Amino acid sequence: MSGGQLRSPRHPGSIHRTANDVDATPHLVMGAALTMRVRKPLLAVGIGMLSHVVLDMIPHYHLAWIMGARGFALVDLALGICLTLVVVALAPVPWGSLMGAFGGALPALERVIAGQRYDFLERPPFGLPHLEAEPPWGVATEIAATVTALALAVRQRKYRRT
Ligand SMILES: [Zn+2]
């Protein structure tokens, strides 16, 4: 099935997903937070991708699934990038953290570039799950994941002399 169609989340039996909407903020920030001390770039990318898979197993909701919410998709992306830069700035190994964020976003990036509704880890042969939940809980888990990642980042921040 080709992606790209915009369907109403409220339409019975519809699949929320389109080719272009992502939930950038939790994936970017979690990828960055988990790899703040990782010195091997490829390992950081791998950890980021793994965190993407784990987050997708937690039922969640993409704000862009609200019909016509292109603005939300941009807000999500901008917020994700801003918070990621904060995490990278706090990281003892900023480069590792940046690569982790890249790994966290990689499956979604692949999906958007390929114009697919599901990313390569969700398509055969892997067929990994992407679990969804309606608001408010689906949005609450997105926020919880982001806050958890930020808390992790604060805990792991590099030592600062005062
Ligand atoms: Zn998702």
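**Close-up 1. Contacts of Phe102 and the nonpolar core of the predicted model.** Leaving aside its neighbours within four places in sequence, Phe102 is in contact with Val45 and Gly48 in this predicted model. Phe102 is also listed, together with Val29, Met30, Ala32, Ala33 and Val87, among the residues with the most contacts inside the largest nonpolar core, which has 30 residues. At least two residues of this core are supplied by each of the helices α1 (24-34), α2 (41-56), α3 (70-90), α4 (94-114) and α5 (137-155), and the largest share, seven residues, comes from α1.

**Close-up 2. The crossing of α1 and α4.** The axes of α1 and α4 come within 6 Å and cross at roughly 145 degrees, and the crossing of these two helices is right-handed. From α1, the residues Ala24, His27, Leu28, Met30, Gly31, Ala32 and Leu34 take part in the meeting of the two helices, and from α4 the residues Ser97, Gly100, Ala101, Gly103, Gly104, Ala105 and Ala108 do so.

**Close-up 3. The buried and exposed residues of helix α3.** The 21 residues of α3 should span 30 Å at 1.5 Å a residue, and the end C-alpha atoms of the helix, 31 Å apart, agree with that expectation. Buried in α3 are Ala73, Asp76, Gly80, Leu83, Thr84, Val87, Val88 and Leu90. Seen down the axis of α3, its buried residues fall within an arc of 150 degrees, and therefore they line one face of the helix. These buried residues pack against α1, α4 and α5, whereas Arg70, Gly71, Leu74, Ala78, Cys82 and Ala89, on the other side of α3, are exposed.

**Close-up 4. Ala149 of α5 and its contacts.** Ala149 lies in helix α5 and counts as buried because it has 26 C-beta neighbours inside 10 Å, where 20 or more are required. The C-alpha atoms of Ala149 and Met30 are separated by 4.9 Å, although the two residues are 119 residues apart along the chain. Once the neighbours within four places in sequence are left aside, Ala149 is in contact with Pro26, Val29, Met30 and Ala33.

**Close-up 5. Leu109 of α4 and its distance from Val22.** Leu109 has its place in helix α4, and it counts as partly exposed because its 15 C-beta neighbours inside 10 Å fall between the limits of 12 or fewer for an exposed residue and 20 or more for a buried one. The C-alpha atoms of Leu109 and Val22, which are 87 residues apart along the chain, are separated by 8.8 Å.

Note on methods:
Residues numbered from 1 in each chain as written. Predicted model: local features only at pLDDT ≥ 70, side-chain atom pairs only at ≥ 80, totals over all residues. Core = buried A, V, L, I, M, F, W, Y, C linked by C-beta atoms within 7 Å. Helix = DSSP H or I, 4+ residues; strand = E, 2+ residues; numbered from the N terminus. Contact = placed C-beta atoms within 7 Å. Expected span 1.5 Å × (residues − 1). Arc of directions from axis to C-beta. Axes fitted to C-alpha atoms, helices over the stretch in contact; angles between N-to-C directions. Left-handed = near helix turned anticlockwise from the far one by under 90°.
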